[in-house]
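Please load the model in a viewer and keep the selection panel at hand. The stops below are meant to be taken in order.

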Amino acid sequence: MATVLVNLLIFAALIVVLVRLQGGRLSLSVRVFVGLILGTLFGIGLQLVYGNGTPVLKTTIDWINVVGNGYVQLLQMVVMPLVFAAILSAVSRLYDASALGRISVLTLGTLLITTAIAAFVGVVMALAFGLTAEGLTQGAAETARLAALETNYAPKVADLTVPQLLLSFIPKNPFADLTGANPTSIIAVVVFAAFLGVAAIRLVRRDEEKGRSLLNLIDILQAWIGQLVRLIMVLTPYGVMALMTKMAATSNASDILNLGKFVVASYLGLGIMFVVHAVLLSLTGVNPLVFFRKIVPALTFAFSSRSSAATIPLNVEIQTRRLGVPQTIASFSASFGATIGQNGCAGLYPAMLAVMVAPTVGINPLDPGWIMTLLAIVTLSSAGVAGVGGGATMAALIVLPAMGLPVTLVALLISVEPLIDMGRTALNVSGSMTAGTVTSQILGQTDKAVLQSRDEHSLQNA
C-alpha cells in the first residue's frame, strides 16, 4: 500500500505541474499535449518498475482511473444535453427549415465519401504490406474474445436491415433517448431537437410574441449548457494525462511487436487519411495547418479516450469557437460523425481485415470487382454501425460476413486493438470536424475572423 501511495503522490505532483501551466500563457492545446506526454512517460515508468499486470500496478491504475474515467464520464454526461440544446438553438434560428436539408446532405455526403476513401486506403495498405491472417495464433485471450463476439455482438448485426436502421433514427421516446438508452440515441436526439426547432420557427411566424419568448428561453438553455461544457473542458489536460498513464502502463510490448507490421500499416493508413482531410480542406479554402493546430485538444482527447461520442462536446465547441463553423453545422457534423461514416473504425479497419482474410478462403484480394464490392459494402455499412454501436468491432462484424468471410480475425487482433483504436478514434473525430468545416465553407457560412484568429485561449476564457 505504501508503494501505491508513492505512485499516487507522483501522479498528484504531475497534476500540480499542469495546474501551474494553466496559470501561465500556454494555450489549452499545448497543455493537453503536455498532459499526454507526462501521462505516457509516467505510465511507461510504472510498467518498467512494477511489471505488467502486477497488483501494485493494478491498484495504482484503479486510483488513477478516478481522474481519467471520471473526466470521460463528465463529458458523456453533457453529450446529450449539448446535442439537444445545440441543435434546437441552431435550427430555431434558421428561419428556413429547408436549409437543414442542404446541411444534412453535405455533412453526410462528406462523411461517406471520406469513409469510402478510407476503405480504399485500407485495401492498399493491407496489400502493400502483404498482410494476411495466416499464421496468427489463437491463445486463451483470443479464444475468450471470439466467444464474446459470437455471444454478445454477432446477434446484434445478424438480422440488421436497412428499414430497421432507418426506423431506429426516429425517436419514439425522446426522453429515453436523452438518457442514451439506445445505440442510435444521439441521432434520435438530433432528429427530435430538429423537429422542435422547426416547430419554433413556425411558432414565431404564427405568434411572434410567444415565438420570441421561446427563442429567448432556448438561448438561455444553450448558453447554460455552453458554460457547463467549457467548465468541463478546463479539465481536459488532467483527463488526458490519466488516460495515457493507464494506456502506457497496461500495454503489452511483446504483443505489439508480434503484430508490428499490422500496427505500422494501420497507422500509415491513418496518416494518409489525415492528408486526405487536409486536401479536402485546402480545396474549400481552409489552411490545413491552421485547422489541425486548432483541433489538437479534440484529437488528443479522442486518441487517449478512444471514444468518438465522448469527444462530441470538445468537437462542437472547437468547431464553433475556433474554426468559425455555425452551431447548426457543427452540431450536425459532430453528432453524425460519431455514429455514421467513421473514417477509422468503419472505413479503414474493416477493409484491411477483409483483405487479410480473403486469401484464407480462396478469394483473390487483387480482383478489381471484389475490391469495388468491398468499398461499397464498407461505405454503406458505416451507416449501419450507428444502428448497433460498438465501433470498429461492429463494423468488422457487418462487413466480413457480408463479403462471405469469417470473423475470427477480429478476435486474433485483440492484443493490439487498444493501440490502433486510439488512432482510429482520432481519425473519426478529424473526419467529423472536416465534414463540418467543408460544409460550412461550401455554404459560405464560416466566420472568417474566427477561423483566422490566433487566439488560443478562447475556449478556456469564454
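**The cavity lining**

Five nonpolar residues, two polar residues and one charged residue make up the lining of the largest cavity in this predicted model. To display that lining, select Ser266, Leu270, Gly344, Leu348, Tyr349, Met352, Ile420 and Arg424. Colour next the elements that each give two or more residues to this lining: helix H12 (260-283), helix H17 (343-357) and H21. Which of the elements gives the most to the lining? That is H17, with four residues. The space enclosed in the largest cavity amounts to about 30 Å³, and a search of the whole structure finds one cavity of 30 Å³ or more.

**Along helix H21**

Select residues 417-442, which form helix H21. At 1.5 Å a residue, its 26 residues should span 38 Å, and the C-alpha atoms at its ends lie 37 Å apart, so the model agrees with the expected span. Is H21 mostly covered or mostly uncovered? Mostly covered, since 23 of its 26 residues are buried. Then move just past the helix to glycine 444, which follows H21 and has a positive phi, near 70 degrees.

**The whole protein**

Finally, return to the full view. The protein contains 23 helices and zero strands. Of its 462 residues, 52% count as buried. Among contacts with a separation of 6 or more, 84% come from residues 24 or more positions apart. With a surface display switched on, the protein exposes about 19,100 Å², of which carbon and sulfur atoms supply 67%.

Notes: Residues are numbered from 1 along each chain as its sequence is written. This is a predicted model: local features need pLDDT of at least 70, side-chain atom pairs count only at pLDDT 80 or more; totals for chains, interfaces and linings use all residues. Side-chain values use heavy atoms; hydrogens and water are left out. The expected span of a helix is 1.5 Å times one less than its number of residues. Buried means under 20% relative accessible area, exposed over 50%, partly exposed in between (1.4 Å probe, protein chains only). On a 1 Å grid over the protein atoms alone, a cavity is a set of points where a 1.4 Å probe fits but cannot get out, and a pocket is an open set with protein on both sides within 12 Å along at least five of seven lines; lining residues have an atom within 4 Å of a point. Grid points are joined across faces, edges and corners, and a volume is the space filled by probe spheres set on the points. Ala, Val, Leu, Ile, Met, Phe, Trp, Tyr, Cys and Pro count as nonpolar, Asp, Glu, Lys and Arg as charged, and the others, Gly among them, as polar. Contact means heavy atoms within 4.5 Å. Accessible areas come from the Shrake-Rupley method with a 1.4 Å probe; for residues, only the protein chains shown count as cover.
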